[in-house]
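Q: Pick one part of this model and take me through it closely. I'd like to hear what it pairs with, what covers it and how the rest of the chain is arranged around it.

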Amino acid sequence: MRANGNMKQWTGNYPSDEILQNDLKRGVSHVVLFGPTIVATFVLAIGEDPTYRNIYEGQWLNDILPYGTIHRIASLEGYRGIGHFVFDWSFKQINNLRVDTHRDNTLMRQLLIKEGFTYCGIIYLLNGDERLAYQQIKKQLTYEDID
């Protein structure tokens, strides 16, 4: 992030050991393996995210379906396709995903658009920090969709 001009996101010892331990206890922390090597980590939490209750300067694509939230994607430098893999795997768990990122995280913003996410508006974290919010809903196939 720092090499790409994002100097403000993930500062001040974020994410803390406490946050990471809580992710593990909740069973929402996941890793991506390349052979025996952990090359990435991310959170997929299914259910309401309190920071997503209010959205400004826009709206969510829907507020009816349950959704999953992806947080804290991090990978080792040099591994390509991690974001695509994370989103693809997450959509296999739930068809409605929300993600937020810092305004300065241009790489993540570009990836989200490339992966088909729609920019929905601005949300604020519990500490008051602004984040840009995105959502994508994948259509669930029904019997009528299959010939």
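A: What follows is a close look at strand β4 and the sheet it belongs to.

First, some ground rules. This is a predicted model, so local features need a pLDDT of at least 70 and side-chain atom pairs count only at 80 or more, while totals for chains, interfaces and linings use all residues. Residues are numbered from 1 along each chain as its sequence is written, and side-chain values use heavy atoms, with hydrogens and water left out.

The protein chain has 3 helices and 6 strands, taking helices (H or I, at least four residues) and strands (E, at least two) as DSSP runs numbered from the N terminus. Read from that end, the elements go α-β-β-β-α-β-α-β-β. The 6 strands sit in an open sheet with mixed pairing, in the order β1-β2-β3-β4-β6-β5, where pairing takes at least two DSSP bridges between two strands. β1 (29–34) and β5 (118–124) are the edge strands; each has a single partner, so one side of each is left without a neighbour in the sheet. On average, neighbouring strands here are turned by 30° against each other, direction ignored; the axes behind such angles are lines fitted to C-alpha atoms, for helices over the stretch in contact, and angles run from 0 to 180 degrees between N-to-C directions.

Now to β4 (96–101). 6 of its 6 residues are buried, so the strand is largely enclosed by the rest of the structure; buried means under 20% relative accessible area, exposed over 50% and partly exposed in between, using a 1.4 Å probe and protein chains only. In a regular strand, side chains alternate between the two faces of the sheet. For β4, Asn96, Arg98 and Asp100 are on one side, Leu97, Val99 and Thr101 are on the other, and both sets are buried.

What flanks it? β3 (68–75) pairs with β4 in the parallel sense over 3 bridges, with Ile70 standing opposite Val99. Getting from β3 to β4, the chain passes through α2, and this β-α-β crossover is right-handed (with the strands pointing away from the viewer, the path from the first strand over the helix to the second runs clockwise). β6 (130–137) pairs with β4 in the antiparallel sense, over 6 bridges, and there Val99 has Tyr134 as its bridge partner.

Helix α2 (residues 82–93) lies across β4 as well as β1, β2, β3 and β6, and runs at about 40° to β2. Helix and strands also meet in the packing: the largest nonpolar core has 19 residues, and Val32, Ile70, Phe87, Leu97, Leu112 and Phe117 have the most contacts inside it. A core here is a set of buried Ala, Val, Leu, Ile, Met, Phe, Trp, Tyr and Cys residues joined through side-chain atoms within 4.5 Å. β2, α2, β4, α3 (106–114) and β6 each give two or more residues to this core. A second, separate core of 7 residues includes Tyr52, Ile55, Tyr67 and Cys120.

Follow Ile70 outward from β4 and you get to β2, since Leu44 stands opposite Ile70 in β3. β2 and β3 run antiparallel, joined by 6 bridges. Strand β2 (residues 37–46) is also paired with β1, again antiparallel over 6 bridges; Ser29 stands opposite Val43 and Val31 opposite Thr41. The β1–β2 hairpin has 2 residues between the strands, and Gly35 takes a positive phi near 65° in it. Val32, one of the core residues, is in contact (heavy atoms within 4.5 Å) with Phe42, Ile82, Phe85 and Val86 among others, leaving aside neighbours within four places in sequence.

On β3, keep an eye on Arg72: its phi is positive, near 50°, though it isn't a glycine. Arg72 is buried, with a relative accessible area of 17%.

Finally, there's Ile123 in β5, buried at 0% relative accessibility. Its contacts beyond four places in sequence include Asp100, Tyr52, Ile55 and Trp60, and Asp100 brings us back to β4. Ile123 and Glu57 are 66 residues apart in sequence, yet 9.1 Å apart in space, C-alpha to C-alpha. Glu57 is in the loop between β2 and β3, counts as exposed at 69% relative accessibility and has a positive phi of about 55° although it isn't a glycine.
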